[in-house]
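The exercises below are meant to be worked through with the sequence and the model side by side. Try each task before reading its solution.

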Amino acid sequence: MSQIRKQSIISSVVVYIGFGLGFLNTYLFTREGGFTKSEYGLTGIFVAIANVMFSFANFGMTAYIYKFYPYYDDNLPKKKNDMFSWAVLVSLIGFCLVVISGIVFKDLVIRKFGQNSPELVQYYYWIFPFGLGLTLYSILESYAWQLRESVVTNFLREVLFRLFTTILIVLTFAGILAKFDTFIRIYSFTYLGIAITLMIYLLLKGNFHITFNVSIVTKKFFKKIVTFVSYIFSGILVYSIASVFDSILIASVLKEGLAAVAVFSLAQNIASIIQAPQRGIIASSIAALSKAWKDKDLAKINRIYHRSSINQLIFAVGIFALIWLNFTDGIKTFHFQTGYDKARWIFFFIGITRIIDMGTGVNAQIIGTSNLWKFEFFTGIILLIITLPLNYILTKYYLGILGPAIASLFSFTVYNAIRYWFLKKKFNLQPFTIKTLYTLILGVLCFYCCSFLFDKHLGFIWIIIRSLAFIILYITGTLTLKLSPDIIPVVHTILKRSGIRKKN
């Protein structure tokens with residue numbers, strides 16, 4: 001567990017640095033005198049559609065790597081390990097099919113988006129290099145996770161990708177990139193940039209090998225691999241569509257669609273800060289879970305489940321409360337463009353969704369690496385059945401831009417509840433303890449205490465004072481209640497390395 005803890009903490013720090021850059025980018029996109037709402041919304045819809053492209057193109061290859069890597073690693077030398085080669089080849093073939101489909105159905109895209117989001121139609125073909133880069137990077141990332149390189153992959157995705165974006169924004173403001181047209185064309189190649197960077201890194205580390213000689217492992221498990229990938233691919237596909245359907249729907253059915261996507265994207269990007277530890281914990285847990293299932297070590301899986309739940313919940317509750325305390329003040333203080341204040345309640349519902357998702361731990365990864373991985377497909381179908389019609393009805397007929405946020409909260413609550421029930425029934429695994437309740441109560445008490453003391457005060461100084469007061473109260477409560485078994489060892493390590501506490 002110490003290795004998982006170490007990588008999770010380092011990855012979380014890296015991710016938070018990335019989110020700091022992401023906040024800077026968001027501010028530059030949305031401040032007065034910055035990009036228009038439609039231009040910012042276009043970058044958001046690029047990400048949404050690229051994720052759908054990746055979900056179609058990868059044909060379940062990321063899950064194939066998660067599930068079967070231990071078998072390849074235990075039975076083959078590195079240079080004869082053909083897993084990575086087949087994963088890349090299948091994904092490239094898949095993306096070729098995506099491109100063909102994109103060309104064939106372009107007229108449909110024009111009909112659906114031409115009126116409310118004309119910029120999307122204008123830059124339609126530039127989404128494809130963006131989607132290709134995301135596809136290649138995601139395959140490389142999945143493989144690197146198995147090599148215990150989660151810190152590097154998180155740096156590339158969370159920091160370097162955003163740094164590329166920051167540079168492009170600054171160059172645009174400086175007049176070096178003459179107009180938004182040049183910005184978006186270069187932006188479409190940013191994921192390809194980090195994919196090539198990761199490929200070079202793996203090559204230098206001696207972990208990048210291409211071979212299409214069919215290994216004994218591939219021959220032995222071929223039928224199981226095909227069956228597994230078929231189910232998991234379908235599950236990942238429907239989950240991805242459910243996850244990004246909101247932005248695509250907004251762009252299609254609401255007037256000034258991309259401007260509405262911009263407001264929704266602001267709420268999503270701020271809410272994504274809550275998820276910073278999740279990527280680090282997932283990245284560092286995948287290999288351990290795969291190995292534990294192979295070794296039938298249910299006790300280790302249970303420990304990972306419990307700790308991933310409480311660690312993520314502590315972060316999620318704390319960050320959500322901290323942002324909610326300062327949301328309105330931040331919009332005014334940092335001079336966001338008129339209209340972005342509508343993102344407040346969108347953030348609230350998305351944020352609660354993130355808390356529920358993180359509080360239930362790495363349930364998806366536990367199921368996906370187990371022998372009952374078919375359940376991944378069925379839960380994905382349930383999620384899609386609930387999400388698509390609910391999103392459409394609430395968005396188009398009742399709540400407008402707030403509709404997708406409320407629909408997601410309901411859908412993902414049901415989705416995680418089903419997973420919780422499944423793991424409890426099949427393996428007697430469940431992530432919650434009394435400290436789960438303590439964490440929620442602590443977050444609520446600290447929030448209302450700081451809100452009561454500082455809510456009437458506005459401005460940058462009061463954002464800092466309000467935030468520091470909450471952080472001190474929340475951290476003190478977390479340490480006093482000993483909410484997580486991983487926190488005290490981390491504190492001791494920090495104190496030792498800083499010289500405050502002597503080493504034993």
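**Exercise 1. Decide whether C449 and C450 are buried, partly exposed or exposed, and state how many disulfides the structure holds.**

Solution. Begin with C449, whose relative accessible area of 33% makes this residue partly exposed, because the partly exposed class lies between the 20% limit for buried and the 50% limit for exposed. C450, in turn, has a relative accessible area of 1% and is therefore buried. Next, turn to the sulfur atoms of this predicted model: the structure holds zero disulfides. For C449, the nearest cysteine sulfur is that of C450, 5.3 Å away, and for C450 the nearest is that of C449, likewise at 5.3 Å. Since a disulfide calls for two cysteine sulfur atoms within 2.5 Å, neither C449 nor C450 is in one.

**Exercise 2. Find which residues make up the nonpolar surface patch of about 820 Å², and which helix gives the largest share of the patch.**

Solution. First list the members, which are L89, I93, L97, I100, V104, F105, L108, I210 and F212. Then place them along the chain: helix α4, covering residues 83-104, supplies five residues, the largest share of the patch. F105, by contrast, is found in the loop between α4 and α5. Finally, check the accessibility of F105, which at 47% counts as partly exposed; a patch residue needs over 30% relative accessible area, so F105, at 47%, passes that cut-off.

**Exercise 3. Locate S252, say whether this residue is buried or exposed, and name its contacts beyond its neighbours in sequence.**

Solution. S252 has its place in helix α11, which covers residues 216-253. Its relative accessibility is 18%, and because buried means under 20%, S252 counts as buried. Once neighbours within four places in sequence are set aside, S252 is in contact with K112, F113 and N116.

**Exercise 4. Describe the fold as a whole, asking how the radius of gyration of the protein stands against that of a compact globule.**

Solution. Start with the secondary structure, which consists of 21 helices and zero strands. For 504 residues, a compact globule would have a radius of gyration near 23 Å, and the protein, at 23 Å, agrees with this. The C-alpha trace spans about 65 × 65 × 45 Å along its principal axes, while 56% of the residues are buried. Among contacts between residues at least 6 apart in sequence, 83% join residues at least 24 apart. To finish, the accessible surface comes to about 22500 Å², with 68% of that area belonging to carbon and sulfur atoms.

Methods. Residues are numbered from 1 along each chain as its sequence is written. This is a predicted model: local features need pLDDT of at least 70, side-chain atom pairs count only at pLDDT 80 or more; totals for chains, interfaces and linings use all residues. Side-chain values use heavy atoms; hydrogens and water are left out. Patches are made of residues with over 30% relative accessible area and no salt bridge: like charges are joined within 9 Å, nonpolar side chains (Val, Leu, Ile, Met, Phe, Trp, Tyr) within 5 Å. Accessible areas come from the Shrake-Rupley method with a 1.4 Å probe; for residues, only the protein chains shown count as cover. A salt bridge is a side-chain nitrogen of Lys or Arg within 4 Å of a carboxyl oxygen of Asp or Glu. Helices (H or I, at least four residues) and strands (E, at least two) are DSSP runs, numbered from the N terminus. Buried means under 20% relative accessible area, exposed over 50%, partly exposed in between (1.4 Å probe, protein chains only). The radius of gyration is taken over C-alpha atoms; the globule rule is 2.2 Å times the number of residues to the power 0.38. Contact means heavy atoms within 4.5 Å.
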